[in-house]
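Colleague: I am new to reading protein models, and I would like to learn how to go from a picture to careful statements. Could we go through the features one by one?

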Amino acid sequence: MTPVLIAIVVIVGWTLVAGRLSRLQISGAIVMVVAGIVIGLTTNNSIGNALDTDAAEPVVELILALLLFVDAIEVRGGYFAGERRTSLRLLVIAMPLSVALATLLGVALLPSMSVGVALLIACVVIPMDLTPASSLVRDRRIPTRVRHLLNIESGYNDGIIAPLFIFALTLAGDHKHASSPAEALEQAVPSALWAVLAGSVIGLLAARLTNFSMRRGLATEQSIRISLVLIPILAYGCSVQLGGNGFVAAFLCGIAYKAARADGPGDEQLRLADDVSALAALTMWFVFGCAAVLVFELGFVWQIVVLALAALTVLRIVPVYLALLRTDIGPRDRLLIGVLGPRGTASIVFGLLAFNELDGMVANETLYAMTVTVLASVVLHGFGVGLVAQRLGRRESGGTRRRSEPDGRELDDAT
């Protein structure tokens, strides 16, 4: 049986027991990664070897674009969910501080590593996204405000860090994306502007056309569901063609689309996009598990393991906590935001890009750091989300309380 058929069998098997596994805090990501590792160890690992190709990278990127669009639909209250000041603190203070500390730790642990390579690895292991623990977005045990801040950070941080990643990639020896570090930095502002333009315009235009079509009875529920799978891919592709960041475009497209829809896309209309993104994510985690076997050839590099674990814990928690000082975010919620920082598709995309563009030990070290970080995140955040939500999320008594949303509505939060 080929690895592809095995992956299908594993996914079908997971669907039959997904409810029971979720109650045991075992996510689909954990199941698929473990299955991928087993297949990689017991076969010739054709899937893992195929990742070192130019074809693998855009597939993973399109999966991330769809996931970001679906997550953006959950954001209420505009582009920053009414949390511009707090969100910017996370994006322009906490994240750069985490990258700087990770770079310094990388150089300290591996003195033979150049600053450029250390910065490159930091750009791979620091960006968070919610794919290993996507249930966070809907987990009512976690305060709505915390969930929205995590969702916003997940949508924007990879786009902000992308120019720095290209800069570090150029320093490390790649000249495909920029001929020099200075040129890489010069591309940063235009890339961000094109992403904003492509994502916002496509989201707004698609929503207004959908409104018109539904008022006139021209569309069906099924056709709208299909469009919601393709719209984020269109935003991603247009942004990339213009030289912008496709991930930020897909996320902004989701926010703009929801804001411009007359009644907002309901759960029924989002069902297909939600299911397709879930299936794509499961497949990606299986492939990642197969790829993880490739790093076993390097043996146990304790320095990189220490760096990866630090990136998931202290290098995330401390900058987030400091960045949110003197805000109306309480100490417990600051700690909660810092702890809940999964690593997933964004790290995989950056890691694969570096692995495909670089050669020798630099490529292997970057892949190793990415793999260890994401594997550790799958375990820590996959098993730990429920425990963290119970310990830090439920801090008030009295059952259910009303929480005011940034857009003026009130939702029930389980407390």
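Modeller: Let us begin with what is meant by a helix, since places along the chain are named by helices: helices are DSSP runs (H or I) of at least four residues, numbered from the N terminus. With that in hand, V293 can be placed in the loop between helix 12 (267-292) and helix 13 (302-312). Please keep in mind throughout that this is a predicted model.

Colleague: How many helices and strands does the protein have?

Modeller: The secondary structure comes to 17 helices and two strands. The protein has 415 residues, and buried residues make up 56% of them.

Colleague: Is V293 buried or exposed?

Modeller: The idea is to look at relative accessible area, where buried means under 20% and exposed means over 50%. V293 has 12% relative accessibility, and therefore counts as buried. Although V293 and T371 are 78 residues apart in sequence, their C-alpha atoms are 9.2 Å apart in space.

Colleague: Which residue could I use to practise the opposite case?

Modeller: Take R326, which lies in the loop between helix 14 (314-323) and helix 15 (331-339). R326 has a relative accessible area of 81%, so this residue is exposed. The backbone of R326 is also worth a look, as its phi is near 60°, a positive value in a residue other than glycine.

Colleague: Is L209, which is found in a helix, buried or exposed?

Modeller: L209 is found in helix 9 (residues 188-215), and at 53% relative accessibility this leucine counts as exposed. L209 and A260 are 51 residues apart in sequence, and from C-alpha to C-alpha they are 10.0 Å apart in space.

Colleague: How should I read contacts between residues that are far apart along the chain?

Modeller: You can begin with the whole protein and then turn to one residue. Among contacts between residues at least 6 apart in sequence, 80% join residues at least 24 apart. For a single case, take A346 in helix 16, which is buried, with a relative accessible area of 3%.

Colleague: What is A346 in contact with, leaving aside its neighbours within four places in sequence?

Modeller: The contacts of A346, once those neighbours are left aside, are with L64, P127, D129 and D158. D158 is 188 residues away from A346 along the chain, and yet the two C-alpha atoms are separated by 6.5 Å.

Colleague: How do I describe two helices that pack together?

Modeller: Two packed helices are described by the angle between their axes and the distance between the axes. In this model, the axes of helix 6 (residues 115-125) and helix 16 (residues 345-357) come within 7 Å and cross at roughly 150°. That angle makes helix 6 roughly antiparallel to helix 16. L120, C123, V124 and V125 in helix 6 meet S347, F350, G351 and A354 in helix 16. By class, this contact of helix 6 with helix 16 has six nonpolar, two polar and no charged residues.

Colleague: At what angle do helix 10 and helix 11 pack?

Modeller: Helix 10 (residues 221-242) and helix 11 (residues 246-260) pack at about 135°, with their axes 8 Å apart. The two helices are therefore oblique to each other, and their crossing is right-handed. The contact includes L228, I231 and P232 of helix 10, together with F247, A249 and C253 of helix 11. Its residues divide by class into 11 nonpolar, two polar and no charged.

Colleague: Which residues make the contact between helix 2 and helix 12?

Modeller: Before the residues, consider the geometry: the axes of helix 2 (residues 28-42) and helix 12 come within 7 Å and cross at roughly 40°, and the crossing is right-handed. Among the residues that make the contact are M32, V33 and I37 of helix 2 and W285, F286 and F288 of helix 12. The contact of helix 2 with helix 12 has 12 nonpolar, three polar and no charged residues.

Colleague: How many disulfides are there?

Modeller: A disulfide requires a pair of cysteine sulfur atoms within 2.5 Å, and by this rule the count comes to zero. Take C238 as an example: its sulfur is 9.5 Å from the closest cysteine sulfur, in C253, which is too far for a bond. C238 counts as partly exposed, at 31% relative accessibility, whereas C123 counts as buried, at 0%.

Terms used: Residues numbered from 1 in each chain as written. Predicted model: local features only at pLDDT ≥ 70, side-chain atom pairs only at ≥ 80, totals over all residues. Heavy atoms only, no water. Buried < 20%, exposed > 50% of the residue type's maximum accessible area, 1.4 Å probe, protein only. Axes fitted to C-alpha atoms, helices over the stretch in contact; angles between N-to-C directions. Parallel < 35°, antiparallel > 145°, perpendicular 65-115°, else oblique. Contact = heavy atoms within 4.5 Å. Nonpolar A, V, L, I, M, F, W, Y, C, P; charged D, E, K, R; others polar. Left-handed = near helix turned anticlockwise from the far one by under 90°.
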